[in-house]
Amino acid sequence: MQIYDLIGIGFGPSNIALAITLEEKKLMNHHIESFFIEKQPNFAWHANMMLDNAHMQVSFLKDLATMRNPCSYFTFTNYLHQKNRLQDFINLKTFFPSRHEFNDYLAWAASHFDHCCAYGEEVIEVLPEKQGDDVLLLRVRSRDQQHLIHERLTRSLVISIGGQSKVPDCFLSLKGDARVFHSHHYLQKIKEHTKAKRIAVVGAGQSASEIFLDLHQRFDSANIDLIMRARSIKPSDDSPFVNEIFNTDFTDYVFNSPEQERGRILGEFWHTNYAAPDLMLIEQIYNVFYQQKVAGNERHRFLRRHTVRKAIAKADGIQFTLHDLNNDQEKLMSYDVVILATGYQRDHFKSLLTPLLPYFNDLKVNRHYRINSAPQFKPAIFLQGACEASHGLSDTLLSVTAVRTNEIAQAVINTINQPKNMPSKRSASSAVV
Ligand SMILES: Cc1cc2nc3c(=O)[nH]c(=O)nc-3n(C[C@H](O)[C@H](O)[C@H](O)COP(=O)(O)OP(=O)(O)OC[C@H]3O[C@@H](n4cnc5c(N)ncnc54)[C@H](O)[C@@H]3O)c2cc1C
């Protein structure tokens, strides 16, 4: 069995950017034998939120390569050039392409790495390969769509699996009920509910806002309740000085700050990324409610300062016990469909690494995103998108992706080049598949 220098789990923007960096490092005589494993059957970027009129929330210049190497073949600008749309895009006068177009750019970039990416395989665990007390390699186990198990060996691992749907506690008992689903599944699931009359959208962020407007246009007469704990929907602040927190050097500043200070910085700027839709979207929602007033009907409701205390499945709908924070009263509501735009959690990597946990102290990462491990643990494991607490708010976004992959690639090169007691490619034991 081949031993890879690097296996990447997930082939979203973070690991595509890493594949590009490694490709360009070959020109500098750094050859890293890498392979990527992606659970989706082909490349897709948040496919179920690919709504019409949805736009990027970050400049196209923060693409997969420009910030690291503006001369790269894989810049968004070169993608436009290759597709013969560069001049037309310039005429749009925007930094913010549609999500459809950015998805196409990402798919174009990903297509250059089909030879080193297995699609349709979900990594299920990572095991230690030991020699005496030392762990020398990692065995990555994945399951394909026919439920066959695949195993691969690697010297280093980069886990870039994005977020997993966050479901508030009061909805956990409704798991499996087709009437309740997370925004992560929105487009796929909403098609099954064309006759819905009463719809609840829970959340206050960009996804909740986009879904509310999409539902308003998708259904002629359904009633939609937008439910949130906050008093109002606040816009994301993308003014220039605030935006500096997404600059690459701010990562150093956050990482080098004492833990308490990091927490304070995250708190101060939390609203740049969470529960903060674009201003334009907020204005559109406000207009929908205003036009209702003009027409004298109350088709949709904005249930601000409301929390869902209980949600139970009934034959005729999902029944909410809603707590109205304005008057401290409870009321019952019933819905045909409930959409949870309640965000993502990013700790799933821990369950993939369960067999390795004895070799880690606290799963903290160093500045180069490598998990700190015991001396007898030789492989290097890196995290992308799960280091917000140590590296700042840009970690889950595209902002620093291109530069971050350079830092990781360089750390991998340094690790591989370290004289270490590692088996050569030829002496590796073969693995059962
Ligand atoms: C709707 C939406 C819009 C967004 N828009 C923006 C934006 O405009 N600007 C911005 O900066 N950020 C945006 N984001 C944030 C988003 O996190 C980043 O844009 C980007 O997707 C991060 O890339 P990633 O590769 O780290 O994670 P992801 O894009 O989530 O990719 C992770 C990949 O790993 C795969 N995977 C997961 N588990 C496994 C496993 N066990 N085995 C194999 N494969 C696995 C997944 O299928 C997925 O393809 C948006 C997020 C959402 C949800």
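# A guided tour from H182 outwards

Begin by selecting H182, which stands opposite L340 in strand β17. The model on screen is a predicted one, and this pair of residues is a convenient place to enter it. Extend the selection to both strands, and you will have β10 together with β17 (residues 337–340), a parallel pair joined over three bridges.

**The sheet around β10**

Now add the rest of the sheet to which these strands belong: five strands in the order β10-β17-β11-β12-β13, forming an open sheet with parallel pairing. At its edges lie β10 (180–182) and β13 (301–303), each of which pairs on one side only. If you look along the sheet, neighbouring strands are turned against each other by 20° on average, with direction ignored.

**Helix α6 and its partner**

Keep that sheet visible and select helix α6, which lies across β11 (198–202), β12 (223–227) and β17, and which runs at about 170° to β12. Next bring in helix α10 (residues 279–295), against which α6 (residues 206–218) packs at an angle of about 40°, the two axes being 10 Å apart. The two helices are therefore oblique to each other, and their crossing is left-handed. To see the contact itself, show the side chains of Q206, S209, E210, F212, L213 and H216 on α6, and those of L281, Q284, I285, V288 and F289 on α10. Coloured by residue class, the residues of this contact divide into six nonpolar, four polar and one charged.

**Helices α8 and α9**

For another helix pair, select α8 (residues 248–255) and α9 (residues 259–269), which pack at an angle of about 135° with their axes 9 Å apart. That angle makes α8 oblique to α9. On the α8 side the contact is made by F250, Y253, V254 and F255, and on the α9 side by E261, R262 and I265. Here the division is five nonpolar, no polar and two charged residues.

**The sheet around β2**

Turn next to another open sheet, in which five strands are ordered β4-β3-β2-β8-β21 and pair in parallel. Its edge strands are β4 (117–119) and β21 (380–383), each pairing on one side only. Neighbouring strands of this sheet are turned by 15° against each other on average, again with direction ignored. Within the sheet, zoom in on β2 (residues 6–9) and β3 (residues 34–38), which run parallel and are joined by four bridges. One place to look is L6, whose bridge partner in β3 is S34.

**Helices that lie across this sheet**

With the sheet still shown, add helix α1 (residues 13–26), which lies across β2, β3 and β8 (156–159) and runs at about 165° to β3. Then add helix α13 (residues 401–417), which lies across β2, β8 and β21 and runs at about 175° to β21.

From α1, move on to helix α4 (residues 99–111): the axes of α1 and α4 come within 10 Å and cross at roughly 45°. These helices are therefore oblique to each other, and α1 passes α4 in a left-handed crossing. Select P13, I16 and I20 of α1, followed by L106, A109 and A110 of α4, and you have the residues that make the contact. They divide into six nonpolar, no polar and no charged.

**Strands β1, β6 and β7**

Now select β7 (residues 149–154) together with β1 (residues 3–4), which pair in the parallel sense over two bridges. In this pair, I3 stands opposite L153 in β7. Then add β6 (residues 134–144), which runs antiparallel to β7 and is joined to it by six bridges; R141, for example, has E151 as its bridge partner in β7. The strands β6 and β7 form a hairpin with four residues between them, and in the turn H147 has a positive phi of about 70°.

**The whole chain**

Finally, clear the selection and step back to view the protein chain, which has 13 helices and 21 strands. Its radius of gyration is 23 Å, close to the 22 Å that the globule rule gives for 433 residues, so the chain is as compact as a globular protein of that length. Taken along the principal axes, the C-alpha atoms fill a box of roughly 75 × 50 × 45 Å.

Notes. Residues are numbered from 1 along each chain as its sequence is written. This is a predicted model: local features need pLDDT of at least 70, side-chain atom pairs count only at pLDDT 80 or more; totals for chains, interfaces and linings use all residues. Side-chain values use heavy atoms; hydrogens and water are left out. Two strands pair if DSSP finds at least two bridges between them. Axes are lines fitted to C-alpha atoms, for helices over the stretch in contact, and angles run from 0 to 180 degrees between N-to-C directions. Contact means heavy atoms within 4.5 Å. Angles under 35 degrees count as roughly parallel, over 145 as roughly antiparallel, 65 to 115 as roughly perpendicular and the rest as oblique. A crossing is left-handed if the near helix is turned anticlockwise from the far one by less than a right angle, and right-handed if clockwise. Ala, Val, Leu, Ile, Met, Phe, Trp, Tyr, Cys and Pro count as nonpolar, Asp, Glu, Lys and Arg as charged, and the others, Gly among them, as polar. The radius of gyration is taken over C-alpha atoms; the globule rule is 2.2 Å times the number of residues to the power 0.38.
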